[in-house]
Amino acid sequence: MEAISINSFPQAVTIAGSDSDGSAGAQADLHAFFSRHIYGMSILVAAVAGNSYGISAGHSFPLDFIDAEFKALADDFHIKSAKTGMLADSELILDIVKNYQKVQFGPLVVDPVITTKHGAKLLEDEAIDTLRERLLPLAEVVTPNFSEAQVITGSELKDQNELVEAAEKIQKFGAKNVVIKGAHLIGSKQKKVSDYVLLENGDGYFLSEEYIDTSHINGTGDTFSAVIAAEIAKGETVKNSIEIAKKATHQAIVKTIGVGHKFGPINHWAIE
């Protein structure tokens, strides 16, 4: 039997909430890790009761339990990258920052989950400053969607020039690399979904894919950021990781799977 080299296989961790229907949150992150041939782990910070119609209840986990999750993983595994998802309030964000600074979990991808695609608020208003001042400076990559970028920067973002300015502003908060994801408007006549990428070296450019008019887009943001983290764990550059994630997420949207009555999940089996 071939000897196994301990902790040689690429490992990544998601720090996020559990979504009971499997379409978003830690479950979507783990699907994405699996699709990119990464061993995925999770530090759960909350759980929501939800389905394709929406979220009906939620529960936050005690901070001492979250601390124990960090310690348990740090004591055993060689985690090469991490990503955050839904972090509901300042107390939780500060606890994540404290723990992340203690461990060696590699580059951090921050998905600043502020609202759902359907308008439900997932981050308390008073926590926005904490996210800006304490979490963003730890980010190797931050991946706000269009609405989240507006909240983080306090700007309306009416055109592409303002989008570029917003990315520069977010970078000044401390994040090394910024991706502002373009609006994906169900029922619109848009032909492309374009994301703006601003790299640490100052290079900025747009990444575009064909717009797909579908209600099966739950977990797109989670998947995008998780694929970036997965590729970084495998040793890819940040630029390549972002571009792989854009293509992979598009593939998962194009080939719809029939799950749920309303807002369904994307299809991680379609990722090549």
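A crossing of two helices is called right-handed if the near helix is turned clockwise from the far one by less than a right angle, and left-handed if anticlockwise. Keep that in mind. We will use it twice.

One caution. This is a predicted model.

Let's start with helices α1 and α7. Two packed helices are described by the angle between their axes and the distance between the axes. For α1, residues 25-35, and α7, the angle is about 45° and the axes are 8 Å apart. That makes α1 oblique to α7, because the angle is neither under 35 degrees nor in the 65 to 115 range. And the hand? The crossing of α1 and α7 is right-handed.

Which residues of α1 and α7 make the contact? From α1 come Gly 25, Ala 28, Asp 29, Ala 32 and Phe 33. From α7 come Asp 222, Thr 223, Ala 226, Val 227, Ala 229 and Ala 230. Sort them by class, and this contact has seven nonpolar, two polar and two charged residues.

Look at the spacing of the numbers. An α-helix has 3.6 residues a turn, so residues three or four places apart point the same way.

Now stay on α1. Its buried residues are Gly 25, Ala 26, Ala 28, Asp 29, Ala 32, Phe 33 and Ser 35. What covers them? The cover includes α7 and the strands β1 (11-19), β2 (39-51) and β4 (81-84). Just after α1, find His 37. His 37 takes a positive phi of about 65°.

Next pair: α2, residues 63-74, and α3, residues 90-102. Their axes come within 10 Å and cross at roughly 25°. That makes α2 roughly parallel to α3, because the angle is under 35 degrees. Here too the crossing is right-handed.

In α2, the contact residues are Leu 63, Ile 66, Asp 67 and Phe 70. They meet Glu 91, Leu 92, Asp 95, Ile 96, Lys 98, Asn 99 and Tyr 100 in α3. By class, that contact has six nonpolar, one polar and four charged residues.

Last stop: α8, residues 238-254. This helix has 17 residues. From first C-alpha to last, α8 reaches 24 Å, close to the 24 Å expected at 1.5 Å a residue. Several residues of α8 are buried, among them Val 238, Ile 242, Ala 245, Lys 246, His 250 and Ile 253. What do the buried residues of α8 pack against? They pack against four strands, β6 (139-142), β7 (177-180), β8 (192-198) and β9 (204-210), and against α7 (220-233).

So α7 comes up twice: beside α1, and against the buried residues of α8.

How values were computed. Residues numbered from 1 in each chain as written. Predicted model: local features only at pLDDT ≥ 70, side-chain atom pairs only at ≥ 80, totals over all residues. Heavy atoms only, no water. Helix = DSSP H or I, 4+ residues; strand = E, 2+ residues; numbered from the N terminus. Expected span 1.5 Å × (residues − 1). Buried < 20%, exposed > 50% of the residue type's maximum accessible area, 1.4 Å probe, protein only. Contact = heavy atoms within 4.5 Å. Axes fitted to C-alpha atoms, helices over the stretch in contact; angles between N-to-C directions. Parallel < 35°, antiparallel > 145°, perpendicular 65-115°, else oblique. Nonpolar A, V, L, I, M, F, W, Y, C, P; charged D, E, K, R; others polar.
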